[in-house]
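User: Could you take a close look at one part of this model for me, the helix contact and the internal space beside it in your notes? I would like the cut-offs spelled out as you go.

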Amino acid sequence: MSQKQNGPQAAEKTARDWVKILAQYREPNMLRSLFELTVTVVPFVLLWALAWWSLSVSYWLTLGLSVLIAAFLLRLFTIQHDCGHGSFFSNRRLSDWVGRIIGVLTLTPYDVWRRTHSIHHSTHGNLGKRGMGDIHTMTVAEYRAESRWGRLMYRLYRHPVTLFAIGPGYLFFLQNRIPYGLMGQARYWISAMGTNLTIVIALAAIWYFGGLMPLLLIFVPATLLAATAGLWLFYVQHQFETTQWEQEDDWQLHDAALHGSSHYVLPPVLQWISANIGIHHVHHLYSRIPFYRLPQVLRDHAELAEGNRMTIRESLANARLHLWDENSKRLLSFAQARQLYG
């Protein structure tokens, strides 16, 4: 992982300076957005049809095709993500309705997710405003002050099996069925229930025309694989050793966005599937930039390309980091915290 500042050039510009520079990349291109949507939706539909046909040939072939379906489902989620930021189309209403339709495929009520994700962007790195749209992270001091039971519960929550094996299914199949965190507002219940109703109708139609196997061998595995990959991406985008957390009095929105988000360097195929979401430090600093313009930002500004770089190999070590140390300004493992503080 690269350091937060990379050489004198990066040191010359503050996060606020970069916001002004990045504003020039914010405008979406309608034709490019429609192209990106088409090359994602069409293969997704064709692969679903091919997988359905393959049920009469080999269940193993069907499961193999479900992996490809999961890749395009993940890409659909990132397009929904851009719609939520208003960066995919200039027309807000068009963005919202495209996002709502995709939300049925991703099992994610669009208006609920849009609101919680907006909160995530506006509070990330603020120790005084955790708990909405993020992965719960304790400080070392908070963890040491917890009861034995509280520590055990936190360890269970942060365990990789919980986060990446149990978590994806729980989040997308169960938690997303209600407007979690926004229970008191009718508009979000409408979003959740409207999405749920459409999902039920779609699944009932699949069952009626194809029986149980399309659901068990295409829908469920593709959704779980896409959800797991998406949750891992979200995790490594903010959970790394040199991320940034501050108490509310010291917290600054733009610094937290730039320095508290990673640049996840992926192979070209995976970068395409994930719609450049790995360029997360730029996205967090200026979320109105369409995902297809993020690589251009890095080409134009080499210092941003070097900031908070993380390879796949390097990212694997982040799964063991769980506690924020306010003294060293590092995310630590439980073992490291024990060595430092007993």
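Analyst: Happy to. On a 1 Å grid over the protein atoms alone, a cavity is a set of points where a 1.4 Å probe fits but cannot get out, and lining residues have an atom within 4 Å of a point. Points are joined across faces, edges and corners, and a volume is the space filled by probe spheres set on them. The model is predicted, with local features needing pLDDT of at least 70 and side-chain atom pairs 80 or more, while totals for chains, interfaces and linings use all residues. Numbering runs from 1 along each chain as its sequence is written, and side-chain values use heavy atoms, without hydrogens and water.

Three cavities of 30 Å³ or more are present. The second largest holds about 90 Å³; of its 14 lining residues, H120, H124, D134, I135 and W245 are the closest to its centre. Helices α6 and α11 (213–238) each give two or more residues to that lining, helices being DSSP runs (H or I, at least four residues) numbered from the N terminus.

Now to the contact of α6 (residues 110–123) with α10 (residues 186–210): their axes come within 7 Å and cross at roughly 130°, using lines fitted to C-alpha atoms over the stretch in contact, with angles from 0 to 180 degrees between N-to-C directions. Y110, D111, V112 and R115 of α6 meet R187, Y188, S191, A192 and T195 of α10, where contact means heavy atoms within 4.5 Å.

Key: On a 1 Å grid over the protein atoms alone, a cavity is a set of points where a 1.4 Å probe fits but cannot get out, and a pocket is an open set with protein on both sides within 12 Å along at least five of seven lines; lining residues have an atom within 4 Å of a point.
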